[in-house]
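Student: I'm new to this one. Could you walk me through how to read its features?

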Amino acid sequence: MAAQPELAKLPAGNADKPDPKVQAQAVAIAKKNGFASVDDLQDAADSVEAVLDGVDPETKTYVGVVPLLKKQVAAIEADTKMKPKDKAAALKDINEAIAAGEPTKPSDGNIALVTKNIDKLGQMAGGGQ
């Protein structure tokens, strides 16, 4: 997470023809933050995100993605102010995600590490979660 602000400052560039200078800067940032490569750093970020996607923001515990989506469905269905057309569209999208099923559960070690540090991660992400 500490590397993300630095990486965000790098120019996006063209994925088909990456700028070697930008790639070198990304590698330097990854190594400065204890990773062997940018791919290793991205794998770690993806792992953290996979846990966060399944964390209940109220309890700050990992419950899984589908239970959180079902909570969203209940909240939308209970919303009396939402326009029926908007409600139908939102429910369609969420129900499609539920139908896709639960993604692979992150390892218990990753879940424990992320949930233990969830407040710190939220602060680093600008107050999210």
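Tutor: Sure, let's start with a term: a salt bridge is a side-chain nitrogen of Lys or Arg within 4 Å of a carboxyl oxygen of Asp or Glu. The model here is predicted, so local features need pLDDT of at least 70 and side-chain atom pairs count only at pLDDT 80 or more, while totals for chains, interfaces and linings use all residues. Residues are numbered from 1 along each chain as its sequence is written, and side-chain values use heavy atoms, with hydrogens and water left out.

Student: How many salt bridges does the structure hold?

Tutor: Side chains of opposite charge can pair when their charged atoms come close. Here there are 6 salt bridges. One of them joins Lys 32 to Glu 6, with the closest N and O atoms 2.8 Å apart.

Student: Which salt bridges form a network?

Tutor: Asp 56, Glu 58 and Lys 71 are linked that way. Within it, Glu 58 and Lys 71 meet at 3.4 Å, N to O.

Student: Is Glu 58 buried or exposed?

Tutor: Buried means under 20% relative accessible area, exposed over 50%, and partly exposed in between (1.4 Å probe, protein chains only). Glu 58, at 65%, is exposed, whereas Lys 71, at 39%, is partly exposed.

Student: And what makes up the largest nonpolar core?

Tutor: A nonpolar core is a set of buried Ala, Val, Leu, Ile, Met, Phe, Trp, Tyr and Cys residues joined through side-chain atoms within 4.5 Å. The largest has 9 residues in all, including Val 48, Tyr 62 and Leu 121.
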